[in-house]
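Work through the exercises below with the structure open. Try each task before reading its solution.

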Amino acid sequence: MRFQIIRIVVGALLLASLALPGVAMAQGGVTVVTGFVTVDGQPAPLGTPVIITSPNGAALGAAVTGGVGFAANQYRFDLQATAGLEGRLLRVQAVISGVVQPASESAPSITFVSNRVFNLNVAVVETPAELPIAAAIGVLINQDITEVITSFDYSTARYYSYVPGLPGNTLSVVRRNSVLTLTLKRDGAVTVAGVTYPVRAGTPTPIPIGSTLTIVVQ
(Lines give C-alpha, C1' and ligand atoms only; values in the text may rest on other atoms or scores of the structure.)
Protein backbone atom coordinates (compact mmCIF):
# COMPACT_ATOMS: atom_id res chain seq x y z
CA MET A 1 0.00 0.00 0.00
CA ARG A 2 2.88 2.43 0.83
CA PHE A 3 4.45 1.95 -2.64
CA GLN A 4 1.08 2.48 -4.30
CA ILE A 5 0.61 5.77 -2.41
CA ILE A 6 4.14 6.91 -3.38
CA ARG A 7 3.44 6.13 -7.04
CA ILE A 8 0.21 8.13 -6.89
CA VAL A 9 1.93 11.13 -5.27
CA VAL A 10 4.82 11.11 -7.75
CA GLY A 11 2.39 10.87 -10.66
CA ALA A 12 0.38 13.80 -9.33
CA LEU A 13 3.51 15.95 -8.93
CA LEU A 14 4.61 15.16 -12.49
CA LEU A 15 1.21 16.13 -13.90
CA ALA A 16 1.26 19.36 -11.89
CA SER A 17 4.71 20.30 -13.20
CA LEU A 18 3.62 19.68 -16.81
CA ALA A 19 0.60 21.93 -16.29
CA LEU A 20 2.68 24.96 -15.24
CA PRO A 21 2.93 27.46 -18.14
CA GLY A 22 6.46 28.13 -19.41
CA VAL A 23 8.07 25.40 -17.30
CA ALA A 24 6.88 22.21 -18.97
CA MET A 25 9.49 19.49 -19.26
CA ALA A 26 11.27 19.06 -22.61
CA GLN A 27 12.63 15.72 -23.70
CA GLY A 28 16.18 14.50 -24.34
CA GLY A 29 18.18 17.33 -22.75
CA VAL A 30 16.58 19.93 -25.04
CA THR A 31 15.09 23.26 -24.01
CA VAL A 32 12.31 24.52 -26.28
CA VAL A 33 11.56 28.20 -26.89
CA THR A 34 8.41 28.83 -28.91
CA GLY A 35 5.82 31.52 -29.50
CA PHE A 36 4.13 33.82 -31.99
CA VAL A 37 5.40 36.85 -33.91
CA THR A 38 3.18 39.87 -34.56
CA VAL A 39 3.89 43.03 -36.55
CA ASP A 40 1.88 46.11 -35.62
CA GLY A 41 -0.52 43.81 -33.79
CA GLN A 42 -1.09 41.53 -36.80
CA PRO A 43 0.31 38.00 -37.35
CA ALA A 44 3.72 38.09 -39.03
CA PRO A 45 3.87 36.58 -42.54
CA LEU A 46 4.68 32.91 -43.09
CA GLY A 47 8.45 32.40 -43.26
CA THR A 48 9.41 35.39 -41.09
CA PRO A 49 13.02 34.84 -39.87
CA VAL A 50 13.52 34.64 -36.10
CA ILE A 51 16.79 34.50 -34.15
CA ILE A 52 17.69 33.73 -30.55
CA THR A 53 20.78 35.40 -29.12
CA SER A 54 23.02 35.31 -26.07
CA PRO A 55 23.77 38.40 -23.92
CA ASN A 56 26.76 39.34 -26.11
CA GLY A 57 24.55 39.36 -29.22
CA ALA A 58 25.84 36.08 -30.68
CA ALA A 59 23.12 34.12 -32.47
CA LEU A 60 22.46 30.73 -30.89
CA GLY A 61 19.91 29.68 -33.47
CA ALA A 62 17.79 30.79 -36.42
CA ALA A 63 14.35 29.68 -37.53
CA VAL A 64 11.40 30.81 -39.62
CA THR A 65 7.74 30.99 -38.68
CA GLY A 66 5.19 28.55 -40.00
CA GLY A 67 6.94 25.19 -39.81
CA VAL A 68 5.05 21.92 -40.19
CA GLY A 69 2.25 21.78 -37.64
CA PHE A 70 2.68 25.42 -36.64
CA ALA A 71 0.65 28.57 -37.32
CA ALA A 72 2.00 30.87 -40.03
CA ASN A 73 3.44 33.26 -37.41
CA GLN A 74 4.64 30.64 -34.90
CA TYR A 75 8.31 29.76 -34.37
CA ARG A 76 10.23 27.16 -32.36
CA PHE A 77 13.82 26.70 -31.21
CA ASP A 78 15.17 23.43 -29.81
CA LEU A 79 18.30 24.28 -27.81
CA GLN A 80 20.61 21.56 -26.57
CA ALA A 81 20.97 22.07 -22.83
CA THR A 82 24.58 22.75 -21.79
CA ALA A 83 26.27 23.97 -18.63
CA GLY A 84 27.36 27.09 -20.52
CA LEU A 85 23.77 28.11 -21.23
CA GLU A 86 22.33 27.38 -17.81
CA GLY A 87 21.07 30.59 -16.16
CA ARG A 88 21.97 32.82 -19.12
CA LEU A 89 19.62 35.48 -20.47
CA LEU A 90 18.54 34.71 -24.04
CA ARG A 91 16.59 37.08 -26.30
CA VAL A 92 14.33 36.33 -29.26
CA GLN A 93 14.03 38.76 -32.18
CA ALA A 94 12.39 38.76 -35.62
CA VAL A 95 13.90 40.01 -38.86
CA ILE A 96 11.38 42.42 -40.39
CA SER A 97 12.18 44.31 -43.63
CA GLY A 98 15.82 43.28 -43.18
CA VAL A 99 16.03 44.76 -39.67
CA VAL A 100 16.36 42.74 -36.45
CA GLN A 101 13.51 43.80 -34.17
CA PRO A 102 12.77 44.63 -31.39
CA ALA A 103 16.07 46.22 -30.37
CA SER A 104 18.17 44.04 -28.06
CA GLU A 105 17.41 46.01 -24.90
CA SER A 106 13.65 45.67 -25.41
CA ALA A 107 13.48 42.21 -27.00
CA PRO A 108 11.57 39.52 -25.06
CA SER A 109 13.85 37.21 -23.09
CA ILE A 110 14.10 34.08 -20.97
CA THR A 111 16.56 32.85 -18.38
CA PHE A 112 17.76 29.51 -19.72
CA VAL A 113 16.87 26.41 -17.72
CA SER A 114 17.63 22.94 -19.07
CA ASN A 115 14.86 20.60 -20.15
CA ARG A 116 12.09 23.21 -20.15
CA VAL A 117 9.57 24.65 -22.61
CA PHE A 118 9.33 28.45 -22.69
CA ASN A 119 6.50 30.32 -24.42
CA LEU A 120 7.76 33.70 -25.63
CA ASN A 121 5.85 35.96 -28.03
CA VAL A 122 7.63 38.59 -30.12
CA ALA A 123 5.75 41.84 -30.87
CA VAL A 124 7.28 44.14 -33.47
CA VAL A 125 6.18 47.71 -34.15
CA GLU A 126 7.17 48.46 -37.73
CA THR A 127 5.05 51.54 -38.38
CA PRO A 128 6.16 54.62 -36.42
CA ALA A 129 3.78 56.00 -33.81
CA GLU A 130 3.67 59.33 -35.63
CA LEU A 131 4.91 61.15 -38.72
CA PRO A 132 5.59 64.84 -39.37
CA ILE A 133 2.55 66.25 -41.11
CA ALA A 134 4.55 66.99 -44.27
CA ALA A 135 5.45 63.30 -44.60
CA ALA A 136 1.94 62.08 -43.79
CA ILE A 137 -0.30 64.24 -45.96
CA GLY A 138 2.03 64.94 -48.91
CA VAL A 139 0.38 67.04 -51.63
CA LEU A 140 -2.28 68.30 -49.22
CA ILE A 141 0.32 70.82 -48.06
CA ASN A 142 -0.83 73.13 -50.81
CA GLN A 143 -2.82 76.36 -50.43
CA ASP A 144 -4.63 75.69 -53.73
CA ILE A 145 -5.92 72.31 -52.50
CA THR A 146 -6.34 72.47 -48.72
CA GLU A 147 -8.31 74.92 -46.66
CA VAL A 148 -7.72 73.44 -43.20
CA ILE A 149 -6.90 70.13 -41.50
CA THR A 150 -7.86 69.54 -37.88
CA SER A 151 -7.39 66.71 -35.37
CA PHE A 152 -8.63 66.13 -31.84
CA ASP A 153 -6.08 64.84 -29.32
CA TYR A 154 -7.83 62.82 -26.61
CA SER A 155 -4.78 62.86 -24.33
CA THR A 156 -4.91 66.67 -24.07
CA ALA A 157 -8.62 67.16 -24.95
CA ARG A 158 -7.63 69.82 -27.50
CA TYR A 159 -8.15 70.43 -31.20
CA TYR A 160 -5.09 71.06 -33.37
CA SER A 161 -5.15 72.59 -36.83
CA TYR A 162 -3.02 73.03 -39.93
CA VAL A 163 -3.49 75.61 -42.68
CA PRO A 164 -0.98 75.54 -45.55
CA GLY A 165 1.16 78.67 -45.64
CA LEU A 166 -0.06 79.89 -42.24
CA PRO A 167 2.62 80.32 -39.55
CA GLY A 168 2.08 78.94 -36.07
CA ASN A 169 0.13 75.78 -37.01
CA THR A 170 -0.57 73.63 -33.95
CA LEU A 171 -1.03 70.36 -35.87
CA SER A 172 2.54 69.27 -36.60
CA VAL A 173 2.36 65.45 -36.54
CA VAL A 174 -0.09 62.74 -37.61
CA ARG A 175 -0.46 59.95 -35.07
CA ARG A 176 -1.54 56.36 -35.48
CA ASN A 177 -5.16 55.54 -34.64
CA SER A 178 -6.31 59.13 -34.86
CA VAL A 179 -8.81 61.02 -37.04
CA LEU A 180 -8.04 63.91 -39.36
CA THR A 181 -10.79 66.21 -40.56
CA LEU A 182 -10.03 67.58 -44.03
CA THR A 183 -11.61 70.64 -45.57
CA LEU A 184 -10.48 70.93 -49.17
CA LYS A 185 -10.98 73.65 -51.78
CA ARG A 186 -11.91 71.16 -54.51
CA ASP A 187 -13.58 67.76 -54.78
CA GLY A 188 -11.25 64.82 -54.44
CA ALA A 189 -10.59 61.53 -52.70
CA VAL A 190 -7.99 60.30 -50.24
CA THR A 191 -6.90 56.72 -49.61
CA VAL A 192 -5.62 55.39 -46.29
CA ALA A 193 -4.67 51.71 -45.88
CA GLY A 194 -6.46 50.79 -49.09
CA VAL A 195 -9.75 52.50 -48.16
CA THR A 196 -10.82 55.48 -50.29
CA TYR A 197 -12.85 58.35 -48.84
CA PRO A 198 -14.54 60.92 -51.13
CA VAL A 199 -14.08 64.54 -50.08
CA ARG A 200 -16.32 67.32 -51.36
CA ALA A 201 -15.07 70.88 -51.63
CA GLY A 202 -15.80 72.98 -48.56
CA THR A 203 -17.17 70.02 -46.58
CA PRO A 204 -15.25 68.98 -43.43
CA THR A 205 -14.63 65.23 -43.92
CA PRO A 206 -13.30 62.94 -41.14
CA ILE A 207 -10.58 60.53 -42.28
CA PRO A 208 -9.72 57.68 -39.86
CA ILE A 209 -6.01 56.97 -39.52
CA GLY A 210 -5.10 53.45 -38.39
CA SER A 211 -1.60 51.99 -38.41
CA THR A 212 -0.96 53.42 -41.92
CA LEU A 213 -0.01 57.04 -41.54
CA THR A 214 0.42 58.12 -45.14
CA ILE A 215 -2.51 59.63 -47.05
CA VAL A 216 -2.67 59.15 -50.83
CA VAL A 217 -4.61 61.86 -52.69
CA GLN A 218 -6.51 61.00 -55.89
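Two strands pair if DSSP finds at least two bridges between them. With that in hand, look at one such position: Thr 146 stands opposite Leu 184 in β16. The model is predicted.

**Exercise 1. Get an overview**

Find how many helices and strands the protein has, and what share of its residues is buried.

Solution.
- Step 1: Count the elements. The protein has two helices and 20 strands.
- Step 2: Turn to burial. Of the 218 residues in the protein, 34% are buried.
- Step 3: Look at the contacts with a separation of 6 or more. Residues 24 or more positions apart account for 59% of them.

**Exercise 2. Trace the four-stranded sheet**

Work out the strand order of the open sheet of four strands, and say which strands stand at its edges.

Solution.
- Step 1: Read across the sheet. The order is β14-β13-β16-β19, and the pairing is antiparallel.
- Step 2: Find the edges. β14 and β19 (205-209) each have a single partner strand, so one side of each is left without a neighbour in the sheet.
- Step 3: Note the twist. From one strand to the next, it averages 25 degrees.
- Step 4: Take the pair β13 and β16. Five bridges link these two antiparallel strands. Ser 151 has Leu 180 in β16 as its bridge partner.
- Step 5: Move on to β16 and β19. They run antiparallel and are joined by five bridges. Here Leu 182 has Thr 205 in β19 as its bridge partner.
- Step 6: Check how covered β16 is. Five of its seven residues are buried, so this strand counts as mostly covered, since buried means under 20% relative accessible area.

**Exercise 3. Trace the three-stranded sheet**

Give the order of the open sheet of three strands. Then name a bridge partner found in β20.

Solution.
- Step 1: The order is β18-β17-β20, with antiparallel pairing.
- Step 2: β18 (195-199) and β20 (216-217) are the edge strands, and each pairs on one side only.
- Step 3: β17 (residues 188-192) pairs with β20 over two bridges, in the antiparallel sense.
- Step 4: Val 190 has Val 217 in β20 as its bridge partner.

**Exercise 4. Describe the largest pocket**

Which residues lie nearest the centre of the largest pocket, and which strands supply its lining?

Solution.
- Step 1: Start with the volume, which is about 370 Å³.
- Step 2: The lining has 19 residues; Ser 151, Phe 152, Asp 153, Ser 178 and Val 179 lie nearest the centre.
- Step 3: Sort the lining by class. It holds nine nonpolar, eight polar and two charged residues.
- Step 4: Assign the lining to strands. β13 (146-153), β14 (158-162), β15 (173-175) and β16 (178-184) each supply at least two residues.

**Exercise 5. Compare two residues**

Is Gln 74 buried or exposed? Which residues does Glu 126 contact beyond its neighbours in sequence?

Solution.
- Step 1: Place Gln 74. It is in strand β6 (residues 74-80).
- Step 2: Apply the cut-off. Gln 74 has 16% relative accessibility, so it counts as buried.
- Step 3: List its contacts, not counting residues up to four places away in sequence. Gln 74 touches Thr 34, Gly 35, Phe 36, Val 64, Thr 65, Gly 66 and Gly 67.
- Step 4: Place Glu 126. It is in the loop between β11 (122-124) and β12 (130-132). Its relative accessible area is 37%, so Glu 126 is partly exposed.
- Step 5: Leave aside neighbours within four places in sequence. Glu 126 is in contact with Val 39, Asp 40, Ile 96, Ser 97 and Gln 101.
- Step 6: Take Asp 40 from that list. Glu 126 and Asp 40 are 86 residues apart in sequence, yet 6.2 Å apart in space, C-alpha to C-alpha.

**Exercise 6. Find the unusual backbone**

Where is the cis peptide bond? Which loop holds Asn 177?

Solution.
- Step 1: Recall the background. Most residues other than glycine have a negative phi, and most peptide bonds are trans.
- Step 2: The cis bond joins Gln 101 and Pro 102, with omega about -10 degrees. Pro 102 is in the loop between β8 (99-101) and β9 (109-111).
- Step 3: Asn 115 has a positive phi, near 55 degrees. It is in the loop between β9 and β10 (116-119). At 24% relative accessibility, Asn 115 counts as partly exposed.
- Step 4: Asn 177 also has a positive phi, about 55 degrees. Its place is the loop between β15 and β16. At 62% relative accessibility, Asn 177 counts as exposed.

Technical notes:
Residues numbered from 1 in each chain as written. Predicted model: local features only at pLDDT ≥ 70, side-chain atom pairs only at ≥ 80, totals over all residues. Heavy atoms only, no water. Buried < 20%, exposed > 50% of the residue type's maximum accessible area, 1.4 Å probe, protein only. Contact = heavy atoms within 4.5 Å. 1 Å grid on protein atoms, 1.4 Å probe; cavity = no way out; pocket = protein on both sides within 12 Å on 5 of 7 lines; lining within 4 Å. Points joined across faces, edges and corners; volume = space filled by probe spheres on them. Nonpolar A, V, L, I, M, F, W, Y, C, P; charged D, E, K, R; others polar. Axes fitted to C-alpha atoms, helices over the stretch in contact; angles between N-to-C directions.
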